[in-house]
Amino acid sequence: MSFNALVLSETDGKISAAFTQLEEASLPQPENSVTVAVEYSSLNYKDGMILQGIGRLVRTYPHVPGVDLAGTVTDSSDGRYAIGDQVLCTGWRVGEAHWGGYAEKCRLNGDWLVPVPKGMTTKDVMAIGTAGFTAMQCLDALEWSGVEKGAPILVTGASGGVGSSALMWGAAMGHHMVASTGRMDNEAVLREWGASEVIDRAEIADAPAKPLLKERWAGCVDAVGGETLAHVLAEMNYGGSVAACGLAGGNSLNTTVIPFLLRGVKLLGIDSVMASFDERLRIWTRIADVFDAGKLAAITTEVDLADIADLASQILAGQTTGRTVVNTQR
Ligand SMILES: NC(=O)c1ccc[n+]([C@@H]2O[C@H](COP(=O)([O-])OP(=O)(O)OC[C@H]3O[C@@H](n4cnc5c(N)ncnc54)[C@H](OP(=O)(O)O)[C@@H]3O)[C@@H](O)[C@H]2O)c1
């Protein structure tokens with residue numbers, strides 16, 4: 001049976017994307033394989049990089065991108081999944097080293113799947129996607145390291161996918177969320193999503209580069225990295241923690257050990273891609289506990305698969321807002 005897929009090809013080092021009818025028999029056949037009729041995918045920063053061929057994340061073409069997917073099982077050699085089950089996949093380098101979710105069908109290793117949590121749809125879990133999952137990992141890590149409810153948690157890159165999700169989840173968990181943004185015209189929206197305060201990112205990025213600055217934050221969800229992360233480290237309260245998950249502003253980190261030595265600041269690295277199945281279940285359970293369909297809809301824009309190539313450059317330029325869920329049937 002044939003199905004529609006967005007297929008990337010490489011010619012003379014240039015990446016191009018085209019809609020192609022593929023036969024189900026052409027899908028890769030991993031161990032423990034489960035075939036999924038994909039209903040929704042999403043747009044993440046990494047999708048933008050893959051669609052534009054940045055960072056050599058994809059080594060073999062032709063390639064089907066899409067790091068996230070959710071849909072219904074149509075065939076399974078894995079005893080944990082039966083035809084008709086609703087499943088989701090984020091991470092495991094799907095859409096990067098393995099064919100991904102920008103298609104009507106995908107075949108995956110059953111170890112990479114998670115059942116769609118009760119009370120959520122395939123569209124809900126893709127509106128959350130890798131970015132929302134990572135935001136909850138960050139908040140979970142901050143709580144684990146001792147950040148208490150009511151203490152200020154800074155969110156950098158607040159208008160983006162990780163940032164918007166962190167504001168939404170953090171406020172629902174009872175935290176005092178502070179949004180840092182380069183788009184102050186989004187202030188009202190950021191407050192609606194969960195920010196109690198909104199600051200201009202220039203306040204952080206333009207602060208003098210000193211080892212220690214005035215203490216401001218008990219926790220930070222950092223999606224930006226680079227100079228921003230260096231300045232945030234200098235502004236952390238005594239004993240505060242930063243969950244570092246992103247590099248939207250750069251992958252360098254030019255800092256000193258002083259915040260760690262004199263203020264006991266903790267820098268927590270967050271990776272969503274290789275998280276274990278048990279960790280995924282735990283984080284999805286935490287998400288399900290605070291899930292509010294109306295609030296999720298407020299941070300989400302639905303687009304068609306046909307729109308995705310144009311959106312790649314926008315997400316890399318920091319021009320998309322909130323989460324983008326992709327309807328793979330259109
Ligand atoms: N560790 C993991 O497992 C993991 C998982 C998911 C994502 N990530 C990473 O997290 C980052 C954010 O992902 P995302 O999906 O949220 O991306 P996104 O939707 O593009 O959001 C990034 C946000 O960062 C801000 N920003 C963009 N360029 C900037 C710059 N040059 N300097 C300072 N701020 C800038 C913008 O927010 P404002 O306009 O509000 O400032 C932008 O909306 C990416 O680097 C991504 O690769 C990592």
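How do the axes of helix 2 and helix 8 cross, and within what distance do they come? That's where I'd start with this predicted model, and the rest follows in numbered points.

1. **Helix 2 against helix 8.** The two axes come within 10 Å, and they cross at roughly 95°. Helix 8 covers residues 277-290. Angles from 65 to 115 degrees count as roughly perpendicular, so that's the label helix 2 and helix 8 get relative to each other.

2. **Who meets whom there.** On the helix 2 side you'll find Ile128, Phe133, Met136, Gln137 and Asp140. Their counterparts in helix 8 are Ile283, Arg286 and Ile287. Sorted by class, this contact comes out as five nonpolar residues, one polar and two charged.

3. **Two domains, one of them in two pieces.** The domain assignment splits the protein chain into domain 1 (2-116 + 296-327) and domain 2 (130-269). Taken over C-alpha atoms, their centres are separated by 29 Å. As for the contact, twelve residues of domain 1 touch 15 residues of domain 2. The domain 1 side of that contact is made up of four nonpolar, six polar and two charged residues.

4. **Where the ligand sits.** Have a look at the shell around the ligand: domain 1 and domain 2 both give residues to it, so the ligand lies between them. The shell counts 32 residues, and the closest are Gly157, Ser159, Gly160, Gly246 and Gly318. Three elements give two or more residues each: helix 1 (45-51), helix 2 (122-144) and helix 3 (161-172). So helix 2 turns up twice in this note, once in the ligand shell and once in the crossing with helix 8.

5. **What the shell is made of.** If you're thinking about the chemistry around the ligand, the class split is twelve nonpolar, 16 polar and four charged residues. Bear in mind that Gly is among the residues counted as polar, and that Gly157, Gly160, Gly246 and Gly318 are among the closest residues to the ligand.

6. **The parallel sheet.** Six strands make an open sheet, and their order is 10-9-8-11-12-13 with parallel pairing. Strand 10 (197-200) and strand 13 (266-269) are the edges, each pairing on one side only. From one strand to the next, the twist averages 20°. At the strand 13 edge, strand 12 (residues 236-244) is joined to strand 13 by four bridges, and the two run parallel. For a spot to check on screen, Ala244 stands opposite Gly269 in strand 13.

7. **Antiparallel pairs around strand 4.** Strand 4 (residues 68-76) pairs with strand 3 (residues 33-43) in the antiparallel sense, over six bridges. Here Ala37 has Thr72 of strand 4 as its bridge partner. Strand 4 is also joined to strand 5 (residues 86-90), again antiparallel, by five bridges. In this second pairing, Asp68 stands opposite Thr90 in strand 5.

8. **Two backbone oddities in one loop.** Most residues other than glycine have a negative phi, and most peptide bonds are trans. The loop between helix 1 and strand 4 holds an exception of each kind. Arg56, found in this loop, has a positive phi of about 50° although it isn't a glycine. Pro62 is found in the loop between helix 1 and strand 4 as well, and the peptide bond leading to it from Tyr61 is cis, with omega near -5°.

Notes:
Residues numbered from 1 in each chain as written. Predicted model: local features only at pLDDT ≥ 70, side-chain atom pairs only at ≥ 80, totals over all residues. Near = placed C-beta within 6 Å. Domains from an automatic or database assignment. Contact = placed C-beta atoms within 7 Å. Axes fitted to C-alpha atoms, helices over the stretch in contact; angles between N-to-C directions. Parallel < 35°, antiparallel > 145°, perpendicular 65-115°, else oblique. Pairing = 2+ DSSP bridges.
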